[in-house]
Amino acid sequence: MSQQEFLHAGHPGIMEDAHRLLPYSSAIKRDDVRMRSSVIAGCGAALPERRVSNAKLAETLDTSDDWIYQRSGIRERRVADQEEKTSDLAIAAAQSALRRAGMVASDIDLVIVATATPDQTVPATAAFVHARLGMNHGAAFDVQAGCSGFIYALSIADSMIKIGQVKTALVIGAETLSRILDWSDRSSCVLFGDGAGAVILRTADSQELHEARGILSTHLHSDGRHHDKIFTDGGPSSTGTTGRVHLNGREVFLHAVTNLATVAEEALVANGLTCADIDWLIPHQANQRIIETLAMKIRLPLEKVIMTIDHHANTSAASIPLAMEEALTSGSIRDGDLVLMAAMGAGFTWGSALVRW
Ligand code: ACO
């Protein structure tokens, strides 16, 4: 007996009930999918108050401002206070994104939080965001794809809008990585920071659709064979602890450059565009040298690259929306610009998103 036959046999009305209960789902025709697109309606960010400079780290670690800056491009990072949780940063970023989109929480159908540092193992951090925004409708869940988490979450939200399952989505990248760093390991702790960025996605209107605005495409990849290149030495089902971050910096560096360049090209080819069409690249802010090598590989002038690594460090899933928010606030990204985002992280995971603003 098929699953469909089983459901009908047990509960004759169950499928009809399901269709009534899911206002945006089901019965999506192929033409409808082609006719929908999602646009970024607002972007917000939140950073902890506390700034920690390289010089401050050098007080307790065998390192220096020169070493960190030359190898990574990082000058300082923000570090959350003890009581400041990932959800606190996520909510502040979400509220700012909602304000900028001219929306309120009741307008949102879907909340996705990309994070590797959830408040608790259960429930998802998205549940805390959902509750604190006063929501009791729609869907809310977390995505864990390391530093590619925001691109993964954006891709899921975009797909759900394109198939008509939701009309709006709040997509957040939020981290308190400082909680899972080994502060005595100079080869990893100097690279990371805390923060959150959020975007509101909504279904494009007919004008935006006509002008081909919004998310043109997203591209996701993984290669789990590299799970041991960036990892924590613990977790709920292995040690019962969160563990601390470890990485093989040199290996990550080499894979990052290749994978980011490939997935950036993939987005351009999929849309019949070339590098010359890009107005802005927002790369994951892992290392200035990775970003510069990526730009060189895809032949993009550095003036078109949004770089915030010097004051944010690597905020994992938060890094792209944090950089996006700065570029929007400073007026760098304008209506009509073609913006390419690309990220790579633990797993390995990597991905890109191409957006016409
Ligand atoms: N201060 C001073 N010396 C240090 C520090 C430090 N903070 N950290 C390491 N060193 C020393 C090491 O002990 C080693 O010394 P040794 O040669 O005597 O053993 C030496 O510096 C290592 O130097 P390199 O490995 O040549 O450093 P490299 O140029 O590769 O830079 C870095 C290291 C910055 C980690 C780089 O490899 C990198 O950015 N990698 C990618 C970052 C990363 O893994 N991010 C994870 C997130 S996801 C992503 O990035 C896409």
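**Exercise 1. Is Cys 189 buried or exposed, at its relative accessibility?**

Solution. The structure is a predicted model, and the task is settled in two steps. First, take the relative accessibility of Cys 189, which is 0%. Second, compare that value with the cut-off: a residue counts as buried under 20%. Cys 189 is therefore buried.

**Exercise 2. Determine how many disulfides the structure holds, and examine Cys 43 and Cys 189.**

Solution. Begin with the whole structure: a search of it finds zero disulfides. Next, take Cys 43, for which the nearest cysteine sulfur belongs to Cys 147 and is 18 Å away. A disulfide requires two cysteine sulfur atoms within 2.5 Å, so Cys 43 is in no disulfide. For Cys 189, the nearest cysteine sulfur is that of Cys 147, at 16 Å, and Cys 189 is likewise in no disulfide. As to its surroundings, Cys 43 has a relative accessibility of 4% and so counts as buried.

**Exercise 3. Describe the sheet that contains strands E8, E13, E12 and E11.**

Solution. Start with the order: the four strands form an open sheet, E8-E13-E12-E11, with mixed pairing. Then identify the edges, which are E8 (214–222) and E11 (280–283), each pairing on one side only. Neighbouring strands are turned by 10° against each other on average, direction ignored. Now consider one pair: E11 and strand E12 (residues 338–345) run parallel and are joined by four bridges. Within this pair, Leu 281 stands opposite Leu 340 in E12. Finally, add the helix: H8 (residues 149–162) packs on the sheet and touches E8, E12 and strand E13 (349–356). The direction of H8 makes about 125° with that of E8.

**Exercise 4. Identify the residues closest to the ligand and the polar atoms that approach the ligand.**

Solution. Of the 22 residues surrounding the ligand, the closest are Thr 63, Arg 186, Gly 249, Arg 250 and Asn 287. Next, consider the ligand's oxygen atoms. A polar side-chain atom of Asn 287 lies 2.4 Å from a ligand oxygen, and an N or O atom in the side chain of Arg 71 is 3.0 Å from a ligand oxygen. Last, a nitrogen atom of the ligand lies 2.9 Å from a backbone N or O atom of Gly 249.

**Exercise 5. Characterise the surroundings of Lys 229.**

Solution. Lys 229 is located in the loop between E8 and strand E9 (230–232). With 13% relative accessibility, Lys 229 counts as buried. The side chain of Lys 229 makes a polar contact of 3.0 Å with that of His 226. Beyond its neighbours within four places in sequence, Lys 229 is in contact with His 246, Leu 247, Asn 248, Glu 251, Val 252 and Phe 348.

Note on methods. Residues numbered from 1 in each chain as written. Predicted model: local features only at pLDDT ≥ 70, side-chain atom pairs only at ≥ 80, totals over all residues. Heavy atoms only, no water. Buried < 20%, exposed > 50% of the residue type's maximum accessible area, 1.4 Å probe, protein only. Pairing = 2+ DSSP bridges. Helix = DSSP H or I, 4+ residues; strand = E, 2+ residues; numbered from the N terminus. Axes fitted to C-alpha atoms, helices over the stretch in contact; angles between N-to-C directions. Contact = heavy atoms within 4.5 Å. Near = heavy atom within 4 Å. Polar contact = N/O pair within 3.5 Å; in protein donor to acceptor, adjacent residues only side chain to side chain.
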